[in-house]
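User: I'd like to learn how to read sheets, helix packing and burial in a model like this. Can you walk me through it?

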Amino acid sequence: MQAVPSEFLAIDRKERVNKPFHDLSLRQPEERVCDFDDVVIAFDAERAKVEASRCIHCPDPAPCMVACPTHNDIPSAMWLIEQKRFKEAAQIYHQTSSLPEICGRVCPHEQLCQGSCVLNKHHQPVLTGQLEVFALEWERKNDPYQINKTAPSGKKVAVIGAGPAGLSCAHILLGHGHEVTIFDSKPAPGGLMVYGIPNFKLPKSAVFSKWGDMESAGAKFVGNTYIGKEKTIDQLFEEGFSAVFIGIGTGIDAKMEIPGEDLPGVYEATDFLIRGNVKTDILPDDKKERPQMGNRVAVIGGGDTASDCLRTALRIGAEEVSCIYRRTEKEMPGGKKDRQMARDEGAHYRFLTQPVQFIAGSDGRLAAIECVEMKLGEPDAKGRRKPVPVEGSNFSIATDTAIKALGYWPDPIIGKSTPNLEIHDWGLITVMDNKTGATSRPGVFAGGDGVTGPDLVVTAMVSGRKSGEAIHNYLESLK
Ligand SMILES: Cc1cc2nc3c(=O)[nH]c(=O)nc-3n(C[C@H](O)[C@H](O)[C@H](O)COP(=O)(O)OP(=O)(O)OC[C@H]3O[C@@H](n4cnc5c(N)ncnc54)[C@H](O)[C@@H]3O)c2cc1C
């Protein structure tokens with residue numbers, strides 16, 4: 001339900017619909033490719049007020065609120081921002097979201113809240129994502145948020161994985177007074193928000209500030225600990241944890257299964273992004289070396305990860321950066337906005353092209369990619385036209401560095417090392433109840449990409465929060 005009901009607002013909707021729209025201001029491409037800083041120029045208080053005043057306050061429940069996977073009360077936040085009541089606006093987001101300053105930046109808003117804004121019919125949507133960032137950043141600077149905690153429960157919960165799912169589950173559990181320890185195989189918390197999504201989309205400072213809030217509320221982080229190998233879930237129970245949440249994501253890069261895939265100069269997307277974007281002090285020991293980049297870089301794939309790799313390669317200093325994709329632009333799964341930014345920054349696209357072999361030069365490193373031209377055939381089961389090779393069309397592209405951005409698979413280790421934990425599809429964890437994330441093992445819950453397959457920060461966050469509440473209820477039932 002909206003906290004500020006639209007029927008009480010004396011507003012002239014017609015006047016609001018016709019207010020001029022000013023899109024997000026971005027730093028110029030030639031400036032932004034020289035650093036890893038945020039591309040978007042943040043709103044100031046005046047700009048935020050003007051943008052929020054474009055909201056026409058649809059009747060409850062507003063479409064933006066429905067489209068938001070965590071159902072943020074966006075109209076009320078817009079009203080409060082318009083009144084310059086920024087702290088109260090930030091509080092609205094805290095009610096339903098554990099990572100509002102992050103979702104405000106990385107959610108695909110054009111498909112969610114902004115995509116459902118009724119202004120789209122004749123006009124441009126309210127820039128709800130950037131307004132969310134503004135309210136939260138204002139709060140951090142002026143009146144920092146603190147997690148509200150009840151009295152200590154005396155119960156300990158282990159969270160495996162410090163990505164959006166694990167952190168959000170921990171956030172809820174801390175609020176209920178439980179002791180939370182988060183284990184992660186990486187040296188620092190954040191999951192893909194740190195070891196994946198580049199800084200120019202999501203400054204790592206936003207993730208670490210969020211972690212700071214949780215640490216202040218008592219959360220403990222144990223890094224460099226690979227559960228399933230160094231310690232099992234059964235051992236965690238033996239150590240006195242009363243419940244476990246698994247939020248391990250899908251950390252295995254998909255392979256191409258073509259010759260030359262292991263040549264020096266051929267990178268997996270996550271490996272490349274981690275080496276290229278993360279500060280050395282929080283890099284895993286085996287990833288401390290920066291990517292060895294040549295001048296000609298090819299990124300293979302058509303999703304958002306491909307755009308992130310293209311834009312990272314440009315920032316590291318590659319001269320010619322191109323994306324190789326086996327279908328046409330129309331079939332590309334990645335967002336248009338990110339693709340446009342990659343283009344503006346200098347990336348080129350080569351469609352209907354499929355690599356068939358990576359070729360080494362005399363020094364043993366990658367020198368070229370042999371490709372075949374493709375054409376679109378019949379639609380597949382999902383309705384997307386299948387790419388079909390054009391016989392005899394093989395050709396080579398001179399390339400120094402190739403980055404494979406083809407998708408992700410789950411890591412099966414937790415399933416293999418945990419008796420009676422049901423898994424499916426090569427390692428995704430089976431949940432018995434989507435509302436709670438309860439697994440086949442009592443006291444073990446799961447959420448995020450490790451349950452659904454690769455998805456979004458916001459969906460992982462929602463599942464972590466649901467499991468946090470479910471674990472609290474489970475712990476109460478043990479009393
Ligand atoms: C390059 C890239 C860009 C993306 N961009 C966006 C974007 O712009 N917007 C968006 O909404 N989404 C984006 N995503 C998707 C989003 O990052 C994920 O959907 C989200 O992070 C999933 O959250 P999670 O908590 O389930 O898993 P993750 O974020 O993957 O976190 C899982 C954590 O578990 C740890 N772990 C794994 N196995 C173990 C183990 N056995 N023991 C201990 N720790 C373990 C990992 O080290 C990791 O820290 C992007 C993904 C990638 C790869």
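Analyst: Let's take a few features in turn, keeping in mind that this is a predicted model.

User: Let's start with sheets. What order do the strands take in the sheet that contains strand 18?

Analyst: The general idea is that strands of a sheet pair through backbone hydrogen bonds, either parallel or antiparallel. Here, five strands make an open sheet with parallel pairing, and the order reads 3-2-1-4-18. Its edges are strand 3 (220-222) and strand 18 (444-446), each of which pairs on one side only. Going between neighbouring strands of this sheet, the average turn is 20°, direction ignored.

User: Which helix packs on that sheet, and what does it touch?

Analyst: That's helix 18, residues 457-477, which touches strand 1, strand 4 (243-246) and strand 18. Its direction makes about 165° with that of strand 4.

User: How many bridges hold strand 1 and strand 2 together?

Analyst: Five, in the parallel sense, between residues 156-160 and residues 179-183. To find your place in the register, look at Ile160, which stands opposite Phe183 of strand 2.

User: Back to helix 18, where Leu475 is found. Is Leu475 buried or exposed?

Analyst: For burial, count C-beta neighbours inside 10 Å; 20 or more means buried. Leu475 has 21, so it counts as buried. Leaving aside residues up to four places away in sequence, Leu475 touches Ser153, Lys155, His178, Ser242 and Ala243. Take His178: it sits 297 residues from Leu475 in sequence, yet their C-alpha atoms are 9.4 Å apart in space.

User: Now a helix pair. How do helix 5 and helix 6 run relative to each other?

Analyst: Start with the angle between the axes: over 145 degrees counts as roughly antiparallel. The axes of helix 5 (residues 74-82) and helix 6 (residues 86-96) cross at roughly 165° and come within 8 Å. The two helices are therefore roughly antiparallel to each other. The crossing is left-handed.

User: Which residues make that contact?

Analyst: It helps to recall that an α-helix has 3.6 residues a turn, so residues three or four places apart point the same way. Helix 5 contributes Ser76, Ala77, Leu80 and Ile81, while helix 6 brings Phe86, Glu88, Ala89, Ile92 and Tyr93. Sorted by class, this contact has seven nonpolar residues, one polar and one charged.

User: What about the sheet with strand 14 in it: which strands lie at its edges?

Analyst: This one is an open sheet of five parallel-paired strands in the order 6-14-7-8-9. Strand 6 and strand 9 (348-350) are the edges, each pairing on one side only. The twist averages 25° from one strand to the next. Within it, strand 7 (residues 296-300) and strand 8 (residues 320-324) run parallel and share five bridges; Arg296 has Glu320 of strand 8 as its bridge partner. Helix 13 packs on this sheet, touching strand 6 and strand 14, with its direction at about 90° to that of strand 6.

User: Why is helix 13 described as largely enclosed?

Analyst: Because eight of its nine residues (269-277) are buried. Among them are Phe272, Leu273 and Ile274, and Arg275 is in the buried group too. The cover over these buried residues includes strand 5 (252-253), strand 6 (266-268), helix 14 (304-316) and strand 14 (401-404).

User: Last one: how do strand 10 and strand 11 run?

Analyst: Antiparallel, with seven bridges joining residues 353-360 to residues 366-379. Thr353 is partnered with Glu373 in strand 11. Five residues lie between the strands of this hairpin, and Gly364 takes a positive phi near 85°.

Methods: Residues are numbered from 1 along each chain as its sequence is written. This is a predicted model: local features need pLDDT of at least 70, side-chain atom pairs count only at pLDDT 80 or more; totals for chains, interfaces and linings use all residues. Two strands pair if DSSP finds at least two bridges between them. Helices (H or I, at least four residues) and strands (E, at least two) are DSSP runs, numbered from the N terminus. Axes are lines fitted to C-alpha atoms, for helices over the stretch in contact, and angles run from 0 to 180 degrees between N-to-C directions. Two residues are in contact if their C-beta atoms, placed from the backbone, lie within 7 Å. A residue is buried if 20 or more other C-beta atoms lie within 10 Å of its own, exposed if 12 or fewer, and partly exposed in between; C-beta atoms are placed from the backbone. Angles under 35 degrees count as roughly parallel, over 145 as roughly antiparallel, 65 to 115 as roughly perpendicular and the rest as oblique. A crossing is left-handed if the near helix is turned anticlockwise from the far one by less than a right angle, and right-handed if clockwise. Ala, Val, Leu, Ile, Met, Phe, Trp, Tyr, Cys and Pro count as nonpolar, Asp, Glu, Lys and Arg as charged, and the others, Gly among them, as polar.
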